[in-house]
Amino acid sequence: MTMLQGFQIALHALRLNPLRSFLTMLGIVIGVASIVTVFAIGAGAQLRLQEQIRSIGANVLMITPGAVYQGGVRLKEGSKLTMTESDVQAILEQISEIQAAAGSIAGTAQIIHESKNWNTTINGTTTGHFMVRDWQLTSGRYFSSTEEAAAGKVVILGSTVARELFAPGDDPIGAQIRIMKVPLEVVGVLDRKGPAQDDVAFVPLTTAKLRFLGSASNINRDSVAYIIAKVAADGQMTGARSEIESLMRQRHRIAVGQEDDFKVQDPAAAMEAQQGAIRTVALLLVAIASVSLLVGGISIMNVMIVSVTERTREIGIRRALGGRMRDIRLQFLCEALVLCLLGGAIGVLGGVTLSMTVARMAGWITSIDSEAIALALAFSIATGLIFGFYPAHKASKLSPIEALKTE
């Protein structure tokens, strides 16, 4: 008997008991669907983190406000701006590993252009910000030194903001927009960095302080909300971080043993660590989902053993008519494989549907990986071979004479 004939006989046998066949393969369906879904969601999370890492830029350090004490009470981190524009200048001048640095403050506001409006993040910064983040323009230019010094009424739009405010084919450069009733000229449109990064409008730091964000109680003329700095080479990250910490402690007159009022972080390293954690959790969930395949395999083995018992006389007739032991073994092994393959195919369809539904409802990114589908199907085939072998072997060992005596 050939493999093709074995599959044809197996399909015929399974059609005789469709409900039992479906219930038998249910464990395989759940296991494969779980594996595909977990891989899809995990891969989507990895893609989002990779996108965020790329959007930050290479070799970037971020300095943010730390905890401070006021009246003997420890305030939470970021509750008070502890860094200044002069800190940015000191980092540029005194730390040789730093190629570029920029301070920023940010808030949200409504941007209006003619009849269209869009609520977005307003980031006040300097041209150094774009150098640190390797952020290129698709059109226009960056801020000039005069505009930065004199609070020029200019703005650079992220790609999302430009798309929402201007019709396709319109050139935003030179157009007038309004932010909080202040008219601004669009001088540049940034290249895409990712959905989370492109929804922003940049204005000169002085403009943001004087016209938009300077009324906040924790913002003074020289303060910035955070500083980003670009290190010349990857191997200099640790040294540059240490030098920035020493310089900032010296400038802020922080005594030995006293807690820093700032934090120096490597965002890319933190995200890579998070990426590793996501990968570990995904593998753990896959291992848990594989238990369903194990349960499904045991179910298949039990049903196949029952099937062998029910069809003992059929086996005896086949042996008496010249059927070989390997033909009997192949027949029952093909039945187990068909159960697992059908269960695996249904599970893949269910996993793809479930992952797409979860992504749509929760707003997550999912990535359906062909390798994950292939791995899930390979697991289901292996389950059929492993758990189907014993019943098939048992059937092939039946004596034709004893089998024909069975009622």
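This passage describes two buried residues, one helix and the largest pocket of a predicted model.

The model is predicted, so local features need pLDDT of at least 70 and side-chain atom pairs count only at pLDDT 80 or more, whereas totals for chains, interfaces and linings use all residues. Residues are numbered from 1 along each chain as its sequence is written, and side-chain values use heavy atoms, with hydrogens and water left out.

Thr125 belongs to strand S6, residues 116-125 (helices, H or I of at least four residues, and strands, E of at least two, are DSSP runs numbered from the N terminus). Thr125 counts as buried because its relative accessibility is 0% (buried is under 20% relative accessible area, exposed over 50%, and partly exposed in between, with a 1.4 Å probe and protein chains only). The side chain of Thr125 makes a polar contact of 2.9 Å with the side chain of Ser104 (a pair of N or O atoms within 3.5 Å; within protein, one must be able to donate a hydrogen and the other to accept it, and residues adjacent in sequence count only if both atoms are side-chain atoms). A polar atom of the Thr125 side chain also lies 3.2 Å from the backbone oxygen of Gly103.

Beyond neighbours within four places in sequence, the residues in contact with Thr125 include Phe143, Phe202 and Leu205 (contact means heavy atoms within 4.5 Å). Leu205 lies in helix H8, residues 205-213, and counts as buried because its relative accessibility is 5%. With the same neighbours left aside, the contacts of Leu205 include Gly103, Ser104 and Thr125. The C-alpha atoms of Leu205 and Glu148 are 6.8 Å apart, although 57 residues separate the two along the chain.

In helix H3, residues 85-94, the buried residues are Asp87, Val88, Ala90 and Ile91. They lie on the same side of H3 because they cover an arc of only 165° around the axis (the arc of the directions from the helix axis to the C-beta atoms). These buried residues pack against S1, strand S4 (83-84), strand S5 (98-113), S13 and helix H9 (237-251).

The largest pocket has a volume of about 280 Å³ (on a 1 Å grid over the protein atoms alone, a pocket is an open set of points where a 1.4 Å probe fits, with protein on both sides within 12 Å along at least five of seven lines; lining residues have an atom within 4 Å of a point; the volume is the space filled by probe spheres set on the points). Of its 16 lining residues, the closest to the centre are Asn123, His129, Arg133, Gln197 and Tyr226.
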